Amino acid sequence: MRLLIQENFPLKSYNTFGVDATARYFVEINDETELKQLYTQHEDLLRLPVLILGGGSNILFTQDVDGLVIHMAIQGIDHRVNGTSVEVTAGGGITWNDLVWYCVDRGFGGIENLVLIPGTAGAAPVQNIGAYGAELSAVFRQCRAFDTQTGEMTTFSQEECGFSYRDSRFKREKGRYIITQLSLNLSLTPVLNTGYGAVRSALESRGIHQPTLSDVAEAISSIRTEKLPDPATIGNAGSFFKNPVITVQHFGQLQAAFPHLDFVYFPANNGHVKIAGGWLIEQCGWKGKQVGDAGTWKNQALVLVNHKNASGLDIYNLSAQIIDDVKETFGIRLEREVNVV
């Protein structure tokens, strides 16, 4: 079957910021065969810059894409039970939140804390997504990926992915691998992770003292809904910045320098501390602030938003101002979590 290669393709509905951008060429991939066909029969297009696009929830277009956009749309979810564990396999184009609820509804535990994270299953390992004390890497089994250098399908184990905080080999070797399928090891006898105070409070407010998987997922959904705007209403890509990780020594210096501030922080690995990036931004006066049609969300300063007609460059420039302000105030340089194109 011949691939449909489209020219001058509008990307506004393919990014959750809802900014205008155009792809010189665009192709949608619905199975691995189409991906191999693209890389064997369209060498001319592949000489151009190539951008792999999933749900468009972790990207900011600051300009048109003068190259080829490959939209990954491979579907399908399956599972196999083995005693008290279950292996769940999903196509790379599956919406991540749909995968979470597929598992929660069937009593498969392990990703309920990752509910309502935007994006696709195929993009999840790239970022090693995490929230409320849980990370994808903890339940990751393997993934299939197309190697654009060799033209072959490759399977990566958990160890081979090189996961770290919001990072993986796929992010470090950007553009080489295209993830087509994801497999997770989940549990039929899960130990629920309700360590975050906000999660405990949400459950207690509902009168729930012995929560189920569904209870935890619904509680976290309500928290995220309160904090994060719906991209269908207000353009955004969730958390725009990473929560910075600093040494304990640096943190002690900050506490001494700002004794009047009650820092929001969490212990991290190897003698480090993770500070809430949104809290830092809020202390600098940016929470809820609007510059033109770009701004920070009123309920969570870590989220940048497109109020109406902001360009990608407007949003990027706002993020640069915030980075400079936090660096000048606290000596911490925020890193963008969103991919800038």
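**Sheets, hairpins and a pocket: a Q&A on a predicted model**

User: Which residue in strand 12 stands opposite Arg144?

Analyst: This is a predicted model, so everything here is read from computed coordinates. Arg144 falls within strand 10, residues 140-147, which pairs with strand 12, residues 177-187, in the antiparallel sense over seven bridges. Across from Arg144 in strand 12 is Gln181.

User: And what is the bridge partner of Cys143 in strand 12?

Analyst: We're still on the pairing of strand 10 with strand 12, which is antiparallel. Arg144 takes Gln181 as its opposite number. For Cys143, the bridge partner in strand 12 is Leu182.

User: How many bridges pair strand 10 with strand 11?

Analyst: Strand 11 covers residues 152-157, and its pairing with strand 10 is antiparallel. One pair of facing residues is Ala145 and Thr154, the latter in strand 11. The bridge count for strand 10 and strand 11 is six.

User: Which residue in the hairpin of strand 10 and strand 11 takes a positive phi?

Analyst: That hairpin has four residues between the strands. One residue there has a phi near 75°, and that residue is Gly151.

User: Which strands stand at the edges of the five-strand sheet?

Analyst: The sheet is open, its pairing is antiparallel, and the order is 6-7-12-10-11. An edge strand here has a single partner strand, so one of its sides is left without a neighbour in the sheet. That applies to strand 6 (77-82) and strand 11.

User: By how much are neighbouring strands of this sheet turned against each other on average?

Analyst: Take the strands in their order, 6-7-12-10-11. With direction ignored, the average turn between neighbours in this sheet is 20°.

User: Which helix packs on that sheet?

Analyst: The helix in question touches strand 6, strand 7 (85-91) and strand 12. Its direction makes about 20° with that of strand 12. It spans residues 96-105 and is helix 3.

User: Let's move to the pocket. Which element gives the largest share of the lining of the second largest pocket?

Analyst: The second largest pocket holds about 430 Å³ of space and is lined by 19 residues. Two elements give two or more residues to its lining: helix 7 (213-227) and strand 13 (235-239). The largest share is three residues, and it comes from strand 13.

User: Which residues of that lining lie nearest the centre of the second largest pocket?

Analyst: By residue class, the lining divides into seven nonpolar, ten polar and two charged. Nearest the centre of the second largest pocket lie Leu116, Pro118, Pro229, Asp230 and Pro231.

User: What is the order of the open sheet of three strands?

Analyst: Strand 14 (245-247) and strand 15 (265-268) each have a single partner strand, so they stand at the edges. Strand 14 pairs with strand 16, residues 272-275, over three bridges. The pairing in this sheet is antiparallel, and the order is 14-16-15.

User: In strand 16, what is the bridge partner of Val245?

Analyst: Val245 sits in strand 14, residues 245-247. Strand 14 and strand 16 run antiparallel to each other. The bridge partner of Val245 in strand 16 is Lys274.

User: What angle does the direction of helix 8 make with that of strand 14?

Analyst: Helix 8, residues 248-257, packs on the three-strand sheet and touches strand 14, strand 15 and strand 16. Its direction against that of strand 14 makes about 90°.

User: Which residue takes a positive phi in the hairpin of strand 17 and strand 18?

Analyst: Strand 17 (290-291) and strand 18 (294-297) run antiparallel and are joined by two bridges, with Val291 partnering Ala294. Two residues lie between the strands, and the phi in question is near 65°. The residue is Gly292.

User: Trp297 stands opposite which residue in strand 19?

Analyst: Strand 18 and strand 19 (300-306) pair in the antiparallel sense over four bridges. They form a hairpin with two residues between them. Opposite Trp297 in strand 19 is Gln300.

User: Finally, what radius of gyration does the chain have?

Analyst: The chain has ten helices and 20 strands, and its C-alpha atoms fill a box of roughly 65 × 55 × 35 Å. With 341 residues, a compact globule would come out near 20 Å, and the chain's value agrees with that: 21 Å.

Key: Residues are numbered from 1 along each chain as its sequence is written. This is a predicted model: local features need pLDDT of at least 70, side-chain atom pairs count only at pLDDT 80 or more; totals for chains, interfaces and linings use all residues. Side-chain values use heavy atoms; hydrogens and water are left out. Two strands pair if DSSP finds at least two bridges between them. Axes are lines fitted to C-alpha atoms, for helices over the stretch in contact, and angles run from 0 to 180 degrees between N-to-C directions. Contact means heavy atoms within 4.5 Å. On a 1 Å grid over the protein atoms alone, a cavity is a set of points where a 1.4 Å probe fits but cannot get out, and a pocket is an open set with protein on both sides within 12 Å along at least five of seven lines; lining residues have an atom within 4 Å of a point. Grid points are joined across faces, edges and corners, and a volume is the space filled by probe spheres set on the points. Ala, Val, Leu, Ile, Met, Phe, Trp, Tyr, Cys and Pro count as nonpolar, Asp, Glu, Lys and Arg as charged, and the others, Gly among them, as polar. The radius of gyration is taken over C-alpha atoms; the globule rule is 2.2 Å times the number of residues to the power 0.38.
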